[in-house]
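Trainee: Please give me a close look at a single part of this model, and show me where it fits in the rest.

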Amino acid sequence: MSRICPDPVLSIRNLRIGVGKHNAILHNVSFDILPGETYGLVGESGSGKSITGLSVMGLLKRPLQVTSGEVMFQGQDVLKLGNRARRRLRGDRMSMIFQEPMTALNPLVTVGRQIAEMLVVHRGMSWPQARRKAVEGLENVRVPSPEERARSYPHQLSGGMRQRVMIAIALACRPDLLIADEPTTALDVTVQAGVLELIAELCKAEGTAVLLVSHDLGVIANMCRRVGVMDRGRLVEEQDAKALFENPLHPYTRGLLAARPRLGSRTLAGRGRLTELDQVVASEDRGRDAPTLTTPREACPEVTA
Amino acid sequence: MLTRLGLTAALMLGMATATLAQDATPKDGGRFVYVAPYGSSITSLDITATPHTQDEIVAKAINRSLYKWNPESGKPELALAESVEKSADGKTYTYKLRDATFHNGDKLDADDVIWSYNRLADPKKALPGAEQMLQIAGVAEFQAGKADHISGLKKIDDKTVQITFINLAEPGWNLMSNFAPIYSKDYPEDQLASKPNGLGPFKLANYVPGSKVELVKFDDYYEEGKPHLDKLAIMLMGEASARDIAFRNGEIDVNVLGPVQYEAYGQDPALKDHILEVAEVYTRNIGFNPKVEAFKDKRVRQAINYAINKDLIVEKLLKNKAYPAVSWLPISSPAFDKSAKPYPYDPEKAKELLKEAGFETGLKFSVTATSNESWGVPIVEAIIPMLAKVGIKVTTDPVESSVLSDKILSDNFEAFIWSNSSGPDPLKYLTCFYSKTPQTACNYVKFSNADFDKLIEQAGNETDPAKQNEILKEANNLLQEEAPIWFFNYNKAVMAYQPWVHGLKPNAMELAIQDYEDIWIDASAPASRK
Amino acid sequence: MLRFIFRRTLQMIPTLLAVVLIIFVIFSVIPGSFISSLMAEGRNAMNADVVAHLNSEFGLDKPLLVRLGDYLWGLAHFDLGISYRTREPVWNVIEPRLWPSIKLALTAMGFAVVVGVPLGFLAALKPGSLFDTGTMMMAVSGLSLPEFWLGLLLMYVFALQLGWLPSFGYHPGSIKHIVLPAIALGVSPMALLARTTRAGVLDVMNADFVRTARAKGLTEPRLVFAHVTRNVLVLVLTTLGLQFGSLMGQAIVIEALFSWPGIGSLLVDSVSTRDIPVVQGTVIVIVLWFLVINMLVDVAYAAIDPRIKVA
Amino acid sequence: MRLRFNLVFGLTLAVIVVVAAICAGWIAPYDPILDADLMVSEMPPSWEHLLGTDAQGRDVFSRVLYGAQVSLTVGLVSQMINSTIGTVLGVSAGYFGGWWDDLVNGLTNVMLAIPSLVFALAIMAVLGPGLPSLLIALGLTNWSWTCRIARSSTLSFKNQAFVQAAKVAGFSDANIMRTQILPNILGPVLVIATLGIGSAVLAEAALSFLGVGISPPQPSWGNMLTDSRELIRTAPWASVFPGLAIFVTVLGFNLLGDGLRDMLDPHMRTRKA
């Protein structure tokens, strides 16, 4: 038995985030993401999954701050990098998509320009050159008549279109890691699948690893190879997606799954909204402290040689 | 008539006149920055259209009247005429006009005088200066529409004009008025307000409404060697605190002072040597409306005069920038009785009088007042506690100045505080208390006293000035005894000037009206005045 | 765009008409009259004939409604009537005051924008810092001082004590003369702008699209200039327009204090002398100024913000 | 931090001023009008006269205290009038819509277009100086903001479930406006009113300067400041203390208003993580 195990693109070790120096809200979180892998982070709102994503990007807002731990990105600890180096990584090597496509784009700037900006900043292209690339980018995310759309302002686009634009922005520099924070939550059901497929397809083509943050087990099940479950600032379970659904180890995860309608169904239609589950979960497990996963499980798939 | 400018005043002038006399030979050239302190604008450059002192300050530089007021002698004297002959009956005057030139180059002739006076008296134009024409024969008919011109004005030749008057009074008093100037008959009337054309020593260079009037020397001015200044700027500055800073900062050459600044300047070694003061012919007073029952009683009116410590108010509030009043006529009036004593401060006597009159308690009245610091609400504020001590409750009825006269003339007040002209002509101003003078003219308190009326009639028929003055003195003293008003003070006008300024005159009529042609500045003036 | 301006101009007419009506009613019941103001100096009483002549000359003997009708008829022909005081057409009285007023308003607003907006910006970039707290306390303080008091203080310090600037007056070409009145007038809009800008920047900096811009790896200056500034401007523009628009009217105290020959001091003069046609004229000008400025602000909005449709 | 600081500091200042005004009668050592002794005019601060005396020889301390009554009355009452007018017009316009809304909207635009100082000056000229006129002048001229906010809030609440429910339940329009809508807009109205108190105190001072404010001898900070502005060199205390009183009061209410706004603002910025 041997392992062909690439170095992880992102490796988080014992990450603690606090409000100021104390009051930790994220406790010793550790996990790895391999290149090209889609890793799901699931948990209810306030469980710390979005903060984890933001901390990787370096976008935590005061008074939130990382108090200890490592965020190794392609072998270097980004927490130790200076602001400039860190900024250069952002957008270029790692990028992020947010939940609200309605507000995540600058309303006063054409979408073409907002995409082109990435190339100007990170690739040093001239504006006209970048703009042509931006049109291509729009085409890639399947925006119809991209030439024309590039000249549009965000308010002239539908929600799904805007999220496609966000994807185009995020992938403009072909990053190694894409953090997608609830990318479809705010979208109409009918367009969610398309957007997710697009993310999956483009990332696969480029070999981009994805950290998919969601409370939506349906989305996670559909997209991810491995899933981490978060509860109140702790990573409580990590498993292959399949295994998780079939054999949840942690009581919290069981609670999550139990509350999910049509368990096991792999259709997107049967998503369970955690917000509705709070009470279920609470009644089951909230009383005692659940065991916490502090060392990550082996990320590599076991391969028989 | 104003020969005795007032001994006190003359003495106080000592300092100023000494400075003025020091450099006897005026230097020509330079720029003089004067202020018009009675508001932030002037109404019109056409002085015949307005009655305001503020406008007169500017007009004095631009225009000339037939006579002019001589502040030093205290008499009107000929200005635009070289000589005058009086007819035997004393009513017809024949004037020989000077060679004078208007700013547009026109020469002054007899027609200009006749045209100007006809225009002033024209009832359709309703000009304030019409008041000055009333003494001319034929004006009454002209105004009533019975004549198409004033019959008392006659052209003898181009340079000679004959004016007939209806009475024996000296015509200079009226015809010296700056509100009755001589204009050119050939000059378009609609231009007067924007491009004035006068006979005065300065002509208009630049007028910024609401800010300043800039004038330049008029080379063809009729007085040889005058004016001395090349340029004259008149700043329109109503706000005293701003004026103070501008004067101390050397931005303006004179400042007309209120009480506070008067005291402050007097104590400032850098400023105290350059202050000009004069007893003006204004009497400040509180008029009692006999409509109020209590005011019908002489004892109440007297009691109020006793109960107020006016010396203290003058000293503390007005910082001695006033002369406590004795009666109506001011110190500088020829009929002023130097031996007369003012009401002393005697609250006990006041209480006694009030008791006699049956107003021991419960007398209440309000004083209609503007916000003026020397004759407005602040003075009423000071007398409120004083009268409270003798059992009189006083309140203020604050109004804007345009409302004050309205309320008084429509008899809509209990008492008012005002500042009124009381000279230089004593007969004219005592006549205000003649019972037949209507309230809308100047008998604001509807004073009616048979003895007083008799004295006024007597004085009117008296041709000997000395005897006339004696009668008027008597009338003035009677007025004091009757106390239809509270006699407060006669204004002391005060002007501070920069050390390089010479030729200012202590004008008792109105200190802010200066003979600009006599003003000059010396070599010590800063560069901005050159 | 032109149609938009045209339509907005038409919309001004009812507002203006209402203003005229209100002012006309107010000043028809005002105590005192132009004629009584002539006698305010207590020197010469006017005889009844003169008063009657003046009344008929100015049409004051006609009933109120007829006067209002006459006035509106004149207004429709761009005729503001005749000033009681100077007996000139009202426009001739107002016109020379217009430019000084506009100049003062522009300079004061310029000062307010140039100082207030950057201060608010800088304060917002480090919220809670000493600079932020200090600036905002100063801004609130700036809003808490009586204007004439501030003006006197400025005069006292900068003209008298330091001798740097002239204390009063208007000289068409002079920059020095406008500094003190402009600052005295500009402090309050400056403070308001600093506050609005700060709030706006904080709002925008917390907006999702700024987080996006951060995630894009933009440098802080680029982020601020490309994504924050214009969005803040949209928020600040309203305050700016309202302040700028009312500046001509708010200047009355400062103009009186600094002997500045603007519309405001003309208004005060005209009210105190009861020169009603000029009062009406100046109020119309002041209101027009407000309306035009706010129309321009709307035009600017349309130019900056693609979400606002013009047509 | 700023949020709390504004609120606490502003409230402290405001409370001090209000208490001073209420207790003026007990604290003030002298009568503000009748205890005038010209013999002791323009005296510098001493134990006898804590803040000195003015030109009339009156105790500046006592007058500042009594002046607080007048200035605060001006501020509070005028803002109450403004808020009432603005709220009633705004809520009814938003609620009923139609021609009434158009009319109110037009009126608001008119009020907004005439600078309030100009309007107040005109009203003061008509009514004459004095406290009642001032209350009317300042109370009638500053409601346009309240009206706008009330209207737009009402519009946003009008179609919400709880209002619709009340309608279905058969409550009268007046009742719905009073019980369902009004409580929801009181916050912003209160903020505007608090900030407006400061403006009103300043407006009183400005109108005093223009000669149409509160008439002496009744002390108001505005007329004290105006009347003693020339004394700044010889007796600075006579104008500095009323000036400071204005400053502190306006500052207090402005900070309080800011603090309230930060507290009530649903998009509370400083704490959003």
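Mentor: Happy to. Let's begin with a term: two residues are in contact if their C-beta atoms, placed from the backbone, lie within 7 Å. Please keep in mind throughout that this is a predicted model. With that cut-off, five pairs of chains are in contact, and chains B and C share the most contacts among them. Chains A and B are not joined by any contact, and their closest C-alpha atoms lie 46 Å apart.

The part I would pick is the open sheet in chain A, so here is the chain around it. Chain A has 305 residues, of which 48% count as buried, and its secondary structure comes to eleven helices and ten strands. Looking at contacts in chain A between residues at least 6 apart in sequence, 68% join residues at least 24 apart.

Now the sheet itself. Six strands of chain A lie in the order E6-E7-E8-E3-E9-E10, with mixed pairing. The edge positions go to E6 (94-97) and E10 (234-240) of chain A; each has a single partner strand, so one side of each is left without a neighbour in the sheet. On average, neighbouring strands are turned by 20 degrees against each other, direction ignored.

Let's walk inward from the E6 edge. Strand E6(A) runs parallel to E7(A), residues 177-181, and four bridges join the two. Within that pairing, Ile97(A) is opposite Ala180(A) of E7(A). Helix H6(A), residues 159-171, packs on the sheet here and touches both E6 and E7 of chain A. The direction of H6(A) makes about 170 degrees with that of E6(A).

The next step takes us from E7(A) to E8(A): these strands also run parallel, with five bridges between them. Ile179(A) stands opposite Leu211(A) in E8(A). On the other flank, five bridges join E8(A) to E3(A), residues 38-42, again in parallel. There Leu41(A) faces Val213(A) of E8(A).

How buried is strand E8(A), residues 209-214? The test is whether 20 or more other C-beta atoms lie within 10 Å of a residue's own. Six of the six residues of E8(A) are buried, so the strand is largely enclosed by the rest of the structure. In a regular strand, side chains alternate between the two faces of the sheet. In E8(A), Ala209(A), Leu211(A) and Val213(A) point one way, while Val210(A), Leu212(A) and Ser214(A) point the other way, and all are buried. Two of these residues have come up already, as Leu211(A) is opposite Ile179(A) and Val213(A) is opposite Leu41(A).

Chain A also offers an antiparallel pairing to set beside these. Strands E1(A), residues 10-19, and E2(A), residues 22-33, are joined by seven bridges and run antiparallel. They form a hairpin with two residues between them, and Gly20(A) in the turn has a positive phi of about 70 degrees. Along this pairing, Ile12(A) stands opposite Phe31(A) in E2(A).

For the wider setting, let's return to chains B and C. Their contact takes 47 residues from chain B and 46 residues from chain C. On the chain B side, the elements that give two or more residues are strand E10 (231-236), helix H6 (240-248), helix H12 (401-409) and strand E16 (415-421) of chain B. Of these, H12(B) gives the most, with six residues. By class, this side of chain B divides into 20 nonpolar, 19 polar and eight charged residues.

Chain B itself is divided into domain 1 (28-61 + 200-274 + 498-530), domain 2 (64-193) and domain 3 (280-491). The C-alpha centres of domains 2 and 3 of chain B lie 35 Å apart.

Chain B also touches chain D, with 20 residues from chain D and 23 from chain B. The chain D side has ten nonpolar, six polar and four charged residues. One residue to look at here is Glu263(B), found in helix H7(B), residues 259-267. Leaving aside residues up to four places away in sequence, Glu263(B) touches Lys319(B) and Thr234(D). Glu263(B) has 19 C-beta neighbours inside 10 Å and therefore counts as partly exposed, whereas the residues of E8(A) are all buried.

Key: Residues are numbered from 1 along each chain as its sequence is written. Chains are lettered from A and ligands numbered from 1 in the order in which they are written. This is a predicted model: local features need pLDDT of at least 70, side-chain atom pairs count only at pLDDT 80 or more; totals for chains, interfaces and linings use all residues. Two strands pair if DSSP finds at least two bridges between them. Axes are lines fitted to C-alpha atoms, for helices over the stretch in contact, and angles run from 0 to 180 degrees between N-to-C directions. Ala, Val, Leu, Ile, Met, Phe, Trp, Tyr, Cys and Pro count as nonpolar, Asp, Glu, Lys and Arg as charged, and the others, Gly among them, as polar. Domain bounds come from an automatic or database domain assignment. A residue is buried if 20 or more other C-beta atoms lie within 10 Å of its own, exposed if 12 or fewer, and partly exposed in between; C-beta atoms are placed from the backbone.
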